[in-house]
Amino acid sequence: MRVLLCNRDSDAPDAWLGDLRHALPAAQVDVWQPGLPPDYDHAVVWSPPQQLFDEQPQLRAVVNLGAGVDRLMALRLPPALAIVRLEDAGMAVQMAEYACHALIRFFREFEAYESQQRAGRWAPRPPRVRADFPVGVMGLGALGARVAQAVRQFDFPVLGWSRTPRALEGVRCFAGEAELGAFLQATRVLVCLLPLTDQTRGILNRRTLSQLRPGGYLINVARGALLVEDDLRRLLDAGHLAGAALDVAAQEPLPAGHWLWTQPGVILTPHVSAQTLRGDAVAQVVRALQAIESGVEPPGLVRRERGY
Ligand code: NAP
Ligand code: GLV
């Protein structure tokens, strides 16, 4: 088995290569570079260039070193190529931490207490009621389902929305376009964990976000292009939304001077809500390649017709 590695965003390329070679002792694993002969079986990638697929049309599988395949799916890929993505691989618990942190920061008004501390003011605020903070999770996949369960542990009412009907204990589940309105209208804190596809691009917009309960919050930990940022700004300025926690932006890195850097009520992080962990990822790559080599469907197989 011959495997190409193309992980261009990595700050530890040698460690990835070493770990993959160690985990696949019978395979030849090489770092991709332009002009290699077209005799590799599989590629393991994050954010690869089009050139890789143009030069290696015989590849049988590509394993994406992340959960979201939107960048990969934007390339011209050989029609028979199997596309595999990471499923959880240590990311679900990170998403749960991140979403719960943002939710609790909003609910318990920690931002207000931080400014009170800076002003030397000791001033308790009245408690807020959990029932007034229903949390709606958009996307109930590997990550969204874990977030919904984590939020439940704090006794918030939890709702979920997915493409096809799901049943999750303690979560009021909605599905499809027809139930989106009912889901949004019952939600105050919206957590987005949808994949970026033709169907979901721009789904967080004025029409949808204005249906959240007044004083609502957005936690977008999925992809920046799901959100129409100017619509968010209008709803924050109008006071319909009280805040947002954004881990992703339409343009990354977020440009200097962008209004989001200084918008009151907005918390920003640089696309770190769930990072790829090398150990978990390499173990999942090995399982996927072994399944493919044995003619078995690998975990994390992407359905091209759905786009995720
Ligand atoms: P997943 O397991 O594929 O789950 C996707 C969920 O979204 C599923 O519940 C799916 O519905 C639902 N969905 C897809 N299209 C929909 C539509 N048109 N309408 C309604 N629901 C729809 O994905 P995941 O592993 O949880 O990851 C979710 C996303 O998180 C990734 O695609 C990636 O963009 C993002 N992510 C971000 C970071 C970060 O650090 N910021 C890290 C990892 C991942 P069904 O259940 O019916 O299929
Ligand atoms: C990160 O954004 C991922 O999709 O894994």
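Let me start right at a contact: a backbone N or O atom of Gly68 sits 2.8 Å from an oxygen atom of ligand 2. Before I go on, please keep in mind that this is a predicted model.

Gly68 has company at ligand 2. Ala67 also uses a backbone N or O atom, this one 2.7 Å from an oxygen atom of the ligand. Then there is Arg223, where a polar side-chain atom lies 2.8 Å from an oxygen atom of ligand 2. On its own, ligand 2 has 190 Å² of accessible area, and the protein covers 88% of this.

So who else is around ligand 2? The residues there are Trp46, Gly66, Ala67, Gly68, Met91, Arg223 and His271. Sorted by class, that shell holds three nonpolar residues, three polar ones and one charged one.

Now, hold on to Arg223, since we meet this residue again when we look at the domains. The domain assignment splits the protein chain into domain 1, made of 2-89 + 277-293, and domain 2, which runs over 91-268. If you have the structure open, you can follow domain 1 as two pieces of the chain, 2-89 and 277-293. The C-alpha centres of the two domains are 32 Å apart.

What do the domains share where they touch? Eleven residues of domain 1 contact seven residues of domain 2. Between them the domains bury about 670 Å², with 54% of it on carbon and sulfur atoms. For polar contacts, the count is four residue pairs, with both residues at pLDDT 80 or more. There is also one salt bridge between the domains. Here Arg223 comes back: its side chain meets that of Asp70 in a salt bridge, at 2.9 Å from N to O. On the side of domain 1 that touches domain 2, the residues divide into five nonpolar, two polar and four charged. So to recap on Arg223, its side chain pairs with Asp70, and a polar atom of that side chain lies 2.8 Å from an oxygen of ligand 2.

Let me finish with ligand 1. How many residues surround this one? The count is 30, and the closest are Arg85, Leu140, Thr164, Arg166 and Tyr308.

Three contacts to oxygen atoms of ligand 1 are worth finding on your screen. Arg85 places a polar side-chain atom 2.8 Å from an oxygen atom of the ligand. Leu140 does it through the backbone, with an N or O atom 2.9 Å from an oxygen atom of ligand 1. Ala274 also brings in a backbone N or O atom, here at 3.2 Å from an oxygen atom of ligand 1. Taken alone, ligand 1 exposes 940 Å², and the protein buries 94% of that.

That's my tour, thanks for listening!

Notes:
Residues are numbered from 1 along each chain as its sequence is written. Chains are lettered from A and ligands numbered from 1 in the order in which they are written. This is a predicted model: local features need pLDDT of at least 70, side-chain atom pairs count only at pLDDT 80 or more; totals for chains, interfaces and linings use all residues. Side-chain values use heavy atoms; hydrogens and water are left out. Domain bounds come from an automatic or database domain assignment. Contact means heavy atoms within 4.5 Å. Buried area is the accessible area (1.4 Å probe) that two parts lose on being put together, summed over both. A salt bridge is a side-chain nitrogen of Lys or Arg within 4 Å of a carboxyl oxygen of Asp or Glu. A polar contact is a pair of N or O atoms within 3.5 Å; within protein, one must be able to donate a hydrogen and the other to accept it, and residues adjacent in sequence count only if both atoms are side-chain atoms. Ala, Val, Leu, Ile, Met, Phe, Trp, Tyr, Cys and Pro count as nonpolar, Asp, Glu, Lys and Arg as charged, and the others, Gly among them, as polar. A residue is near a molecule or strand if one of its heavy atoms lies within 4 Å of it. Accessible areas come from the Shrake-Rupley method with a 1.4 Å probe; for residues, only the protein chains shown count as cover.
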